[in-house]
Amino acid sequence: MDNHIIFVRIADQGDAHYAEEIIQETEQSAIARGSGIAKRTLASVIEKMAAGKAVIALTNTGEWVGFSYLETWENERFVSNSGLIVAPKFRNSGVARSIKNRIFRMSRRLYPNSKIFSITSGPAIMRMNAKLGFLPVSFAEITHDEHFWEGCKSCVNYDILTSKKKCNCLCTAMLFDPEYFSDAQPIVYQHAEIYQEVIYS
């Protein structure tokens with residue numbers, strides 16, 4: 001991989017032209033892993049960018065590197081951190097961790113009293129979540145909003161989810177509850193190297 005300066009920042013409406021590439025890479029990555037994923041529409045990704053509810057990583061030459069977004073549920077009782085994807089040539093460079101930490105920080109800043117959850121089948125994401133204070137939980141402890149579960153209908157494992165009455169699936173649910181981690185933020189943030197927003201790769 002060539003040397004790049006990678007900027008990790010909050011996305012905005014000017015980043016809409018990256019949305020198609022983000023969607024395509026997300027789907028191709030899921031197929032390659034043989035795992036399920038809730039499909040995102042072009043409109044939904046662009047909406048997250050325009051609303052300032054997404055994080056994007058780009059090189060100094062404008063090449064797309066990675067993406068993630070947040071969504072609120074049940075009148076902001078819950079926030080989901082979702083859709084983390086990194087372009088193949090930039091994987092294993094630490095950029096996924098930077099995106100994950102940035103979307104978590106943004107969630108905490110915008111919704112300090114909300115419980116933050118993530119559903120994943122990827123061990124690497126689970127380890128990132130654990131370092132931020134997320135704990136594995138049953139699906140009963142995350143949002144019951146039907147609109148959230150509607151997004152799972154496009155996943156290849158949706159039949160498994162419904163057969164188990166949405167109690168569990170092949171993914172693992174992880175939850176950050178601010179009630180139990182009121183002092184976690186300064187502890188996590190003291191590791192400044194995790195939160196570099198400019199990455200050299």
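**Exercise 1. Classify K89 by accessibility, then find its salt-bridge partner.**

Step 1. K89 has a relative accessible area of 43%. Buried means under 20% relative accessible area, exposed over 50%, and partly exposed in between, with a 1.4 Å probe and protein chains only. K89 is therefore partly exposed.

This is a predicted model: local features need pLDDT of at least 70, side-chain atom pairs count only at pLDDT 80 or more, and totals for chains, interfaces and linings use all residues. Residues are numbered from 1 along each chain as its sequence is written, and side-chain values use heavy atoms, with hydrogens and water left out.

Step 2. Apply the salt-bridge criterion: a side-chain nitrogen of Lys or Arg within 4 Å of a carboxyl oxygen of Asp or Glu. K89 pairs with E63, at 3.4 Å from N to O.

Step 3. Place both ends. Helices (H or I, at least four residues) and strands (E, at least two) are DSSP runs, numbered from the N terminus. E63 sits in the loop between strand 2 (54–59) and strand 3, and K89 in the loop between strand 4 and helix 3, so the bridge ties together parts that are 26 residues apart in sequence.

Step 4. Check the partner. E63 has a relative accessible area of 26%, so E63 is partly exposed.

**Exercise 2. State how many salt bridges the whole structure holds, then analyse the pair E25 and R91.**

Step 1. The search of the whole structure returns seven salt bridges.

Step 2. In the bridge between E25 and R91, the closest N and O atoms are 3.2 Å apart.

Step 3. E25 belongs to helix 1 (residues 19–33), while R91 is in the loop between strand 4 (78–86) and helix 3 (95–110), so this pair ties together parts 66 residues apart in sequence.

Step 4. Compare the accessibility classes. E25 is buried at 13%. R91 is partly exposed at 33%.

**Exercise 3. Describe the surroundings of K48.**

Step 1. K48 and E71 meet in a salt bridge, 2.8 Å from N to O. The two ends come from distant parts of the chain: K48 from helix 2 (residues 42–50), E71 from strand 3 (residues 64–73), 23 residues apart.

Step 2. Extend the search. E47, K48 and E71 form a network of salt bridges.

Step 3. Classify K48. Its relative accessibility is 8%, so K48 counts as buried.

Step 4. List contacts (heavy atoms within 4.5 Å). Neighbours within four places in sequence are left aside; K48 then touches K53, A54, Y69, L70 and E71.

**Exercise 4. Locate E76 and N92, two residues other than glycine with positive phi.**

Step 1. Recall the background. Most residues other than glycine have a negative phi.

Step 2. E76 has phi near 70°. E76 lies in the loop between strand 3 and strand 4. At 42% relative accessibility, E76 is partly exposed.

Step 3. N92 has phi near 65°. The loop between strand 4 and helix 3 holds N92. N92 is exposed, at 84%.

**Exercise 5. Test the span of helix 3 and name some of its buried residues.**

Step 1. The expected span of a helix is 1.5 Å times one less than its number of residues. For the 16 residues of helix 3, this gives 22 Å.

Step 2. The end C-alpha atoms of helix 3 are 22 Å apart, which agrees.

Step 3. Read off the burial. The buried residues of helix 3 include V95, I99, I103, F104 and M106. Charged residues K100, R102 and R108 are also among them.
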